[in-house]
Amino acid sequence: MEVVSLVTSNLLARGVVCVGDEWNRGGKMCVREIAELLPREKLTKLKNEHGGLQTLLKNQHQIFSVHGGVIRLRDWREEGLGKNSDLFKTKLCWFYANHPQGCPLEVEKCPYAHGDTDTRPRPKYSSVSVSNAK
């Protein structure tokens, strides 16, 4: 998705790599700053199809952290999805596939799969019908 790429590249360009941490976690931007990078027609399309720019970015929760209108790249070293979760390793890691430096987590610690061989099948939830017995 071109908006995700645009936001990611701008956040990475604002990033500072700290000594001892070689992974660029990027900087931060306000939704308004990101909106100014997009043509008005694109913003209108995002509003109609996704509920707006901020909603689109919030829905990309594997990639972005959105709080108080401020967007950052999510750093999974600071939070995590428990290994006991049914969804552990059921989706590919966006950072592994797209970040210039890959995912900052070791394969075993990342809540997302690092390649097809690391991917688990998604659980199948059955719908249970509840009837009112008289």
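This note goes through the fold, one helix, the largest pocket and several individual residues of a predicted model.

1. Overall fold. The protein has five helices and three strands. Along the sequence these elements follow the order α-β-α-α-α-β-β-α. The chain has 134 residues, and 37% of them count as buried. Among contacts with a separation of 6 or more, 52% join residues 24 or more positions apart.

2. Helix 1. This helix covers residues 2–13, which makes 12 residues. From the first C-alpha to the last, helix 1 reaches 16 Å, close to the 16 Å expected at 1.5 Å a residue. Its buried residues are V3, V4, V7, T8, L11 and L12. Viewed down the axis of helix 1, these buried residues fall within an arc of 155°, so they line one face of the helix. The general background is that an α-helix has 3.6 residues a turn, so residues three or four places apart point the same way. On the face turned away from the buried side, helix 1 carries the exposed residues E2 and A13.

3. Largest pocket. The largest pocket holds about 220 Å³ of space. Its lining consists of R25, G26, G27, S65, H67, V70, R72, L73, R74, D75, E78 and E79. Strand 2 and strand 3 (70–73) are the elements that give two or more residues to this lining. Strand 3 supplies the largest share, three residues. Sorted by class, the lining of the largest pocket has six charged, four polar and two nonpolar residues. For anyone setting up a calculation on this pocket, the list of lining residues above is the place to start reading.

4. E79. One of the residues lining the largest pocket is E79. E79 sits in the loop between strand 3 and helix 5. Is E79 buried, exposed or partly exposed? At a relative accessibility of 36%, E79 counts as partly exposed, because buried means under 20% and exposed over 50%. E79 and P111 are 32 residues apart in sequence, and their C-alpha atoms are 9.9 Å apart in space.

5. K89. The loop between strand 3 and helix 5 also holds K89. K89 has a relative accessible area of 4%, and therefore counts as buried. The phi angle of K89 is near 65°, a positive value in a residue other than glycine.

6. W23 and D75. W23 belongs to the loop between helix 1 and strand 1 (28–30). With 6% relative accessibility, W23 counts as buried. What separates W23 from D75, in sequence and in space? The two are 52 residues apart in sequence and 9.9 Å apart in space, C-alpha to C-alpha. D75 is one of the residues lining the largest pocket.

7. L105. This residue is placed in the segment after helix 5 (94–98). L105 is buried, with a relative accessible area of 14%. Leaving aside neighbours within four places in sequence, L105 is in contact with W76, R77, C110, P111 and H114. L105 is also paired with D75 across the sequence: the two are 30 residues apart along the chain and 9.3 Å apart in space, C-alpha to C-alpha.

8. Q62. The loop between helix 4 (53–59) and strand 2 (64–67) contains Q62. Q62 is buried at a relative accessible area of 11%. Which residues does Q62 touch, not counting those up to four places away in sequence? They are R74, W76, L92, C93, W94, F95 and Y112. R74 also appears in the lining of the largest pocket, and W76 is also in contact with L105.

Conventions:
Residues numbered from 1 in each chain as written. Predicted model: local features only at pLDDT ≥ 70, side-chain atom pairs only at ≥ 80, totals over all residues. Heavy atoms only, no water. Helix = DSSP H or I, 4+ residues; strand = E, 2+ residues; numbered from the N terminus. Buried < 20%, exposed > 50% of the residue type's maximum accessible area, 1.4 Å probe, protein only. Contact = heavy atoms within 4.5 Å. Expected span 1.5 Å × (residues − 1). Arc of directions from axis to C-beta. 1 Å grid on protein atoms, 1.4 Å probe; cavity = no way out; pocket = protein on both sides within 12 Å on 5 of 7 lines; lining within 4 Å. Points joined across faces, edges and corners; volume = space filled by probe spheres on them. Nonpolar A, V, L, I, M, F, W, Y, C, P; charged D, E, K, R; others polar.
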